[in-house]
Every structure is written in C-alpha cells, then in structure tokens.
Amino acid sequence: MIIECINCNKIFEVNSELIPENGRTIQCGSCNYVWFYNPKIANIKKEIKQDVEIDVKEKPTISQTKKNEAKTFKVESYSKLKDKKNYEITKYKPRKSLSFTKLLSYLIVFLITFVALLVVIDTFSTYLYQLFPSLELVIFSLFEILKDIKLFIKDLV
C-alpha cells in the first residue's frame, strides 16, 4: 500500500496488513507529522481526483506549478517514482513483539527494582521485625541465599 504524507507529500510504501480497515494513526518518517489514515477515505479521494479536472484560467507561476505538481502526482509505477526528487519510498516491516534488546531492558529494570527492594528491606528491617516477628527468619534466609549466590558467582569467575 502506498501512502502519501499530507504535510510534506513524501510517499511511503507500507505493508497493508499494518493498517486495519477502519484506519489508524500514522507518523511520517520524513517530517514526523502524525495524522489518521483511513484507507476507505483515501480510495474515495483518489477516485475524486481522477474524475475532476481543474481548469486553470490564469497562467500559473513557477512556484505554483511546482506545488501543483507535487500535490497531484500520481504513483503509477516505481520507475516514475524514482525520477522525482521530492519523493522517497520506505518499506516498513512489522516489528517483532519481543526482541532481545527489549528482553534485556526488562531484565535490567527487574534487577534494579529487586536491588532497590532489598535496600529498603534492609534499611527498615528493625521496624519490620517489630511489626512482623515471623518475618525475621524469612528476611535472614533471603540475605543468606543472596550471599550464597554471590559466593557461587565468585567461584565461577
């Protein structure tokens, strides 16, 4: 599916599976403009452009001609598209739901959160022991397990 940015008139090739029938918001990769694209409305606009011819009574200036050419440019083949300098084609591929970097970032966030929780528990351990006397054994066991893991990692290195 070929989509034209309504702000800068750049043309992009987008996988049609990424756009549902009722449309979605799209961001231009060139000018970062965000708009809602509906394929049904876009098809209607294309049909209207093809049916209507604009009569120009005045002789247009050079700047007006360039603007009109850019706005009324129809993509019929990729070879014609490559000749125009105002346009570029970008193929967007669907992203994987869980990549290695995303998994790594989740793991880092989890570790930082776990260490912060341990610091808070260690800081308020005396108050926690007074409120929950049976918690002392659980916290002591947790810290002993962490010490064992630390020793295990040192032995591996």
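**A walk from the aromatic rings to the hairpin**

Let's start with F124, a partly exposed residue whose relative accessible area is 42%. Keep in mind as you look around that this is a predicted model. F124 will come back in a moment as half of a ring pair.

How many aromatic pairs are there? The count comes to three. One of them is F110 with F114, a stacked pair with 6.4 Å from centre to centre and 15° between the planes. That angle is under the 30 degrees cut-off, which is why the pair goes down as stacked. Both rings sit on helix α4, which covers residues 100-123, and the two positions are four residues apart, or about one turn of the helix. As for their surroundings, F110 is exposed at 53% relative accessible area, while F114 is partly exposed, with 30% relative accessibility.

Back to F124, then: this residue pairs with Y127, and here the rings are tilted, 6.4 Å centre to centre with 45° between the planes. An angle of 45° falls between the 30 and 60 degree limits, so the label is neither stacked nor edge-to-face. Y127 has a relative accessibility of 52% and counts as exposed. The cut-off for exposed is over 50%, so Y127 makes it into that class, whereas F124, with its 42%, stays partly exposed.

Now for the charges. Side chains of opposite charge can pair when their charged atoms come close. The model has one salt bridge by the rule used here: it links E144 and K147, with the closest N and O atoms 3.9 Å apart. The limit is 4 Å, so this contact qualifies. Where do E144 and K147 sit? They belong to helix α6, residues 135-156, and because they are three residues apart there, about one helical turn separates them. E144 is partly exposed at 29% relative accessibility, and K147 is partly exposed too, at 49%.

Finally, go to the strands. β1 (residues 2-4) and β2 run antiparallel and are joined by three bridges; in one of the pairings, I2 has E13 of β2 as its bridge partner. The two strands make a hairpin with six residues between them, and in the turn N9 has a positive phi of about 65°.

In a regular strand the side chains alternate between the two faces of the sheet. So are the two sides of β2 buried or exposed? Strand β2 spans residues 11-14 and is covered on both faces: I11 and E13 are buried on one side, F12 and V14 on the other.

Conventions. Residues are numbered from 1 along each chain as its sequence is written. This is a predicted model: local features need pLDDT of at least 70, side-chain atom pairs count only at pLDDT 80 or more; totals for chains, interfaces and linings use all residues. Side-chain values use heavy atoms; hydrogens and water are left out. A salt bridge is a side-chain nitrogen of Lys or Arg within 4 Å of a carboxyl oxygen of Asp or Glu. Buried means under 20% relative accessible area, exposed over 50%, partly exposed in between (1.4 Å probe, protein chains only). Two strands pair if DSSP finds at least two bridges between them. Rings of Phe, Tyr and Trp (its six-membered ring) pair if their centres lie within 6.5 Å; planes under 30 degrees apart count as stacked, over 60 as edge-to-face and the rest as tilted.
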